Amino acid sequence: MSNVSHELRTPLTIVSGYLQSTLRRGKNLSEPQREALEIASSEAERTIQLLQDLLNMARADSGHLSFNLESLVAGNVLEEVVAMARQYSNREINLEPFDKSIRIKADRDRLKQVLLNLIDNAVKYSDPGQPIVIKLHRCDHKAVIQICDRSQGIPLQHQTRIFERFYRIDEARSRTSGGTGLGLSIVKTLVEGMGGSVAVLSTLGKGSNFSVNLPLD
């Protein structure tokens, strides 16, 4: 699986690059042509992400998913992630005031992947007019990072299963948003690989709160 995912990802990345380049430079494209290219580009990106998810899962299953754990200032990583998310999502993402002295033991790149994945989910499944709120605080011997949204919420019977591989709450909604059913499973794998845990609290009609708990340094 790892080799297949890698071999497929490389040509797809090239195809995606050409599609995006054509869209940027295609000043004389008709509206139907532009729409077709945008759909093709979006599907190529979705497939690349799926292959990356499969690659990560294959590495995790084989025990080859490596982590570079280091001492990090949690707030610095959060500020970087929020800045990135604001650029690609065009949504209001608010980082609440936090204790700048909080240090964690984590893999910077893996943590950024986790947080961007959770923010991306919040953006996909919440009202576009509502902000995404990010919080950071200490609790016992852990640093807790929370991603809060005002969405339709997750039914209670699904909350214990959404971190399972390929589990989807709503097939129709997943098809519309491009979900693969792997994102939250990978989040759980990465967080646990850094010695932490992830959980969700959600209320129907009010929204969801995903919490990432990581060891303090």
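Q: What makes arginine 161 count as partly exposed?
A: Its relative accessible area is 36%, and partly exposed is the band between buried (under 20%) and exposed (over 50%), using a 1.4 Å probe and protein chains only. So arginine 161 lands in the partly exposed band.

A quick note on the source: this is a predicted model, where local features need pLDDT of at least 70, side-chain atom pairs count only at pLDDT 80 or more, and totals for chains, interfaces and linings use all residues. Residues are numbered from 1 along each chain as its sequence is written, and side-chain values use heavy atoms, with hydrogens and water left out.

Q: Why do arginine 161 and glutamate 164 count as a salt bridge?
A: A salt bridge needs a side-chain nitrogen of Lys or Arg within 4 Å of a carboxyl oxygen of Asp or Glu. Here N to O is 3.0 Å, so the pair qualifies.

Q: Why does arginine 110 have no salt bridge?
A: The nearest side chain of opposite charge, aspartate 107, is 4.5 Å away, so the pair misses the cut-off. Charge here means Lys and Arg as positive, Asp and Glu as negative, with His and the chain ends not counted. Arginine 110 is also buried.

Q: Why is helix 4 called roughly antiparallel to helix 7?
A: Their axes come within 10 Å and cross at roughly 150°. Angles over 145 degrees count as roughly antiparallel, under 35 as roughly parallel, 65 to 115 as roughly perpendicular, and the rest as oblique, so helix 4 earns the label.

Notes: Axes are lines fitted to C-alpha atoms, for helices over the stretch in contact, and angles run from 0 to 180 degrees between N-to-C directions. Helices (H or I, at least four residues) and strands (E, at least two) are DSSP runs, numbered from the N terminus.
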